[in-house]
Amino acid sequence: MTGLIKVGARVLVVTLMVASLAVAGQEPPKPDVVFAVEITPARVEAQVGQQLKFKAVARDASGNAIDAKQVIWFAGPFDLAITDDAGNVSLFGPGEVEVGAAIGGKVGRAKITVKPQPVASVEISPIAGSMAAGGTVQLRPEARVANGNPRQDVSYIWSSTNPSVAVVDQTGLVTAIAPGKAAIKVTCEGINTSVQVSVEAVKIQSLAVEPKSTSARSGDVVRFKATSTGARNVPVRWTLSGGGASM
């Protein structure tokens with residue numbers, strides 16, 4: 001209410017901060033007290049890369065919904081998820097995520113179980129050339145999701161179509177057994193790929209060790225390299241004679 005009080009030739013404007021109900025002798029209505037905050041969905045499963053929409057409702061002691069406008073959203077851990085001011089939660093890491101909303105001093109919470117994206121493909125480099133019987137090659141596969149990103153939290157199952165020619169252990173180490181051909185298959189979450197192995201009989205034409213001679217002091221480490229012609233991936237077994245050194 002605004003009152004005008006005339007003083008001489010001057011007009012003094014007085015602003016009276018009185019509500020109309022108070023002037024009429026009535027108490028202004030009190031705001032509803034938030035008793036609890038309900039978030040929906042309360043628990044949900046999702047995958048890395050998804051975005052979920054949550055809704056927060058404030059309720060009074062009787063369970064009735066309250067028209068509350070100020071909502072503060074949060075999500076964590078921060079390395080797994082993030083939320084905006086409208087309750088849209090983006091997921092970028094697998095694990096357990098908590099989503100919360102604060103209204104009128106009360107907090108409601110929801111849970112998200114975030115699963116990794118499924119494996120869409122498995123890549124593996126081919127074996128270069130043929131192998132000699134007794135030789136080994138370490139294979140290193142890489143699982144990828146639909147968008148091409150690699151996944152590290154996976155396990156692989158290895159197998160050989162012809163174990164009499166080549167075998168593989170569960171680390172991906174291939175050992176050539178005898179001349180012939182075989183396929184080495186790797187499987188991850190139902191997705192598989194394979195590489196071909198060709199094993200030849202060892203036909204070494206020459207073998208050389210470098211360096212041919214060297215000198216060293218006690219405690220030194222000397223590395224030698226064996227090279228051959230006539231066959232690839234030839235297995236090499238080293239021996240040492242004489243005293244004063246070890247392999």
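1. Let me start with a charged pair worth opening first in this predicted model. The side chains of Glu96 and Arg43 form a salt bridge, with N and O 3.2 Å apart. Glu96 belongs to strand β11 (residues 95–103) and Arg43 to strand β4 (residues 43–47), so the link joins distant parts of the chain, 53 residues apart. As for cover, Glu96 is partly exposed at 40% relative accessibility, while Arg43 is exposed at 54%.2. Strand β4 offers a second pair of this kind. Glu45 makes a salt bridge with Lys115, and their closest N and O atoms are 3.2 Å apart. This pair also links distant parts of the chain, with Glu45 in strand β4 and Lys115 in strand β12 (residues 106–115), 70 residues apart. Glu45 counts as exposed, at 54% relative accessibility, and Lys115 as partly exposed, at 41%.

3. Now for a third pair, with a partner that has a good deal to show. Glu189 and Arg151 meet through their side chains in a salt bridge, at 3.1 Å from N to O. Glu189 sits in the loop between β21 (180–188) and β22 (191–200), and Arg151 in strand β17, so the bridge ties together parts of the chain 38 residues apart in sequence. Glu189 is partly exposed, with a relative accessible area of 48%. Arg151, on the other hand, is buried, with a relative accessible area of 11%.

4. Some context for these pairs may help. Side chains of opposite charge can pair when their charged atoms come close. The structure holds eleven salt bridges. Among the residues involved, Glu98, Arg109 and Lys111 are joined into one network by salt bridges that share partners.

5. Please spend a moment on the surroundings of Arg151, a residue of strand β17. Its side chain reaches the backbone oxygen of Gln117 at 2.7 Å. The side chain of Arg151 also makes a polar contact with the side chain of Glu189, at 3.1 Å. Once neighbours within four places in sequence are set aside, the contacts of Arg151 are Pro116, Gln117, Pro118, Val119, Ala143, Val145 and Glu189. Arg151 counts as buried because its relative accessible area is 11%, and the buried class is under 20%.

6. The sheet that contains β17 is easy to trace. Three strands make up an open sheet in the order β13-β16-β17, with antiparallel pairing. The edges are β13 (121–123) and β17 (150–151), each with a single partner strand, so one side of each has no neighbour in the sheet. Strand β16 (residues 142–144) pairs with β17 in the antiparallel sense over two bridges. For a place to check the register, Arg144 has Pro150 in β17 as its bridge partner.

7. Strand β3 (residues 36–40) is a nice case of alternation. Val37 and Ile39 point to one face and are buried, whereas Ala36, Glu38 and Thr40 point to the other face and are not buried. The pairing of β3 with strand β6 (residues 55–59) is antiparallel and runs over five bridges. Within that pairing, the bridge partner of Ile39 is Ala56 in β6.

8. Next, a nonpolar patch on the surface deserves a look. Val209, Val222, Phe224, Val236, Trp238, Leu240 and Met247 form this patch, and together they have about 640 Å² of accessible area. One of its members, Met247, is found in the segment after β24 (225–229). Met247 is exposed, with a relative accessible area of 68%.

9. Finally, the chain as a whole. Its secondary structure comes to one helix and 24 strands. Of the 247 residues in the chain, 26% are buried. Among contacts with a separation of 6 or more, 48% are between residues 24 or more positions apart. The chain exposes about 16600 Å², and carbon and sulfur atoms supply 53% of that area.

Definitions and conventions:
Residues are numbered from 1 along each chain as its sequence is written. This is a predicted model: local features need pLDDT of at least 70, side-chain atom pairs count only at pLDDT 80 or more; totals for chains, interfaces and linings use all residues. Side-chain values use heavy atoms; hydrogens and water are left out. Two strands pair if DSSP finds at least two bridges between them. Helices (H or I, at least four residues) and strands (E, at least two) are DSSP runs, numbered from the N terminus. Patches are made of residues with over 30% relative accessible area and no salt bridge: like charges are joined within 9 Å, nonpolar side chains (Val, Leu, Ile, Met, Phe, Trp, Tyr) within 5 Å. Accessible areas come from the Shrake-Rupley method with a 1.4 Å probe; for residues, only the protein chains shown count as cover. A salt bridge is a side-chain nitrogen of Lys or Arg within 4 Å of a carboxyl oxygen of Asp or Glu. Buried means under 20% relative accessible area, exposed over 50%, partly exposed in between (1.4 Å probe, protein chains only). A polar contact is a pair of N or O atoms within 3.5 Å; within protein, one must be able to donate a hydrogen and the other to accept it, and residues adjacent in sequence count only if both atoms are side-chain atoms. Contact means heavy atoms within 4.5 Å.
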